[in-house]
Amino acid sequence: MIAVASDHAGLELKKEIIGQLELLGMSYRDYGSFDDSSCHYPEYAFKAAQAVVSGECDRGLLFCGTGVGMSIAANKVPGVRCACCSDVYSAAMARSHNNANLLALGARVLGAGAALEIVKTFLETPFDLSNPRHKQRIDMIHACERRK
């Protein structure tokens, strides 16, 4: 299950990506927003991030104007590793090296075609367990979260 969420600026791109998820037969849960009324992105980022951390969803996709605001908000939820990506390579590395569990995209930065390729890469790329340094670094992040 994929968590999806957007603010008003990311709504149309979210709809585009949801359409593609449906074509690929992938299940998702939409945490809002549901119309183009001005809204506050942290509200929706937190909902999707909490769904991923709780295990309700496996990964999450967040959409706002730049992707930056959603990623900042989502990363405040302990256990979240949200990457704001504007290219396929960064999405692949976010998954394989950082085990990112949420992806934030900017609707004012990316077209739907590029966004779809980034999403597909993010969803298809596994975490690279062959290099123990990657897991060691994720463990360091978790240790920092526990100290708070």
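**Group meeting: loops, charges and contacts in a predicted model**

Good morning. I begin with Asn99, which is found in the loop between helix 4 and strand 5, the strand of residues 102-106. Asn99 has a positive phi of about 50°, although Asn99 is not a glycine. Please keep in mind throughout that this is a predicted model.

A second point about the backbone concerns a loop elsewhere in the chain. The peptide bond that runs from Gly32 to Ser33 is cis, and its omega is near -10°. Where does Ser33 lie? Ser33 belongs to the loop between strand 2, residues 28-30, and helix 2, residues 41-54.

Let me now step back to the whole protein. There are six helices and five strands. If we read along the sequence, the order of these elements is β-α-β-α-β-α-β-α-β-α-α. The C-alpha trace spans about 40 × 30 × 25 Å along the principal axes. For 148 residues, a compact globule would have a radius of gyration near 15 Å, and the 14 Å of this protein agrees with that expectation. Of the 148 residues, 49% are buried. We may also ask what share of the contacts with a separation of 6 or more comes from residues 24 or more positions apart. That share is 69%.

I turn next to charged side chains. Side chains of opposite charge can pair when their charged atoms come close. How many salt bridges does the structure hold? There are five, and I shall present three examples.

The first example joins Glu12 and Lys15, whose side chains meet at 3.5 Å, N to O. Both residues lie in helix 1, which covers residues 11-23, and they are three residues apart, about one turn of the helix. Glu12 is exposed, because its relative accessible area of 52% is over the 50% cut-off. Lys15, with a relative accessible area of 43%, is partly exposed.

The second example joins Asp30 and Lys14, and here the closest N and O atoms are 2.8 Å apart. This pair links distant parts of the chain, since Asp30 is in strand 2 and Lys14 is in helix 1, 16 residues apart. Is Lys14 buried or exposed? Lys14 has a relative accessibility of 1% and therefore counts as buried. Asp30, at 25% relative accessibility, counts as partly exposed. Lys14 has a further partner to note: its charged end sits over the ring of Phe34, 5.2 Å from the centre of that ring.

The third example lies in helix 2, where Glu43 forms a salt bridge with Lys47. The closest N and O atoms of this pair are 3.7 Å apart. Because Glu43 and Lys47 are four residues apart in the helix, about one helical turn separates them. Glu43 is partly exposed, with a relative accessible area of 39%, and Lys47 is also partly exposed, at 37%.

Let me set against these pairs a charged residue that has no salt bridge. Arg95 lies in helix 4, residues 88-96. Arg95 is buried, yet it has no salt bridge. Why is there no salt bridge for Arg95? The nearest side chain of opposite charge is Asp58, 10 Å away, whereas a salt bridge requires the nitrogen and the oxygen to be within 4 Å, so this pair does not qualify. Which residues does Arg95 contact, if we leave aside its neighbours within four places in sequence? They are Arg59, Ala100, Phe122, Thr125, Pro126 and Phe127.

Two of those contacts, Arg59 and Phe122, are also related to each other. Arg59 lies over the face of Phe122, at 5.7 Å from the ring centre. As for rings paired with rings, the structure holds zero aromatic pairs.

My last residue is Ser71, which is found in helix 3, residues 68-74. Ser71 counts as buried, because its relative accessibility of 8% is under the 20% cut-off. Not counting residues up to four places away in sequence, Ser71 touches Cys82, Cys84 and Ala104.

To close, I would ask you to remember two residues when you look at the structure. Lys14 is buried and forms a salt bridge with Asp30. Arg95 is buried and has no salt bridge. Thank you for your attention.

Key
Residues are numbered from 1 along each chain as its sequence is written. This is a predicted model: local features need pLDDT of at least 70, side-chain atom pairs count only at pLDDT 80 or more; totals for chains, interfaces and linings use all residues. Side-chain values use heavy atoms; hydrogens and water are left out. Helices (H or I, at least four residues) and strands (E, at least two) are DSSP runs, numbered from the N terminus. Buried means under 20% relative accessible area, exposed over 50%, partly exposed in between (1.4 Å probe, protein chains only). Lys and Arg count as positive and Asp and Glu as negative; His and the chain ends are not counted. Contact means heavy atoms within 4.5 Å. Rings of Phe, Tyr and Trp (its six-membered ring) pair if their centres lie within 6.5 Å; planes under 30 degrees apart count as stacked, over 60 as edge-to-face and the rest as tilted. A charge sits over a ring if NZ of Lys or CZ of Arg is within 6 Å of the ring centre and within 35 degrees of the ring normal. The radius of gyration is taken over C-alpha atoms; the globule rule is 2.2 Å times the number of residues to the power 0.38.
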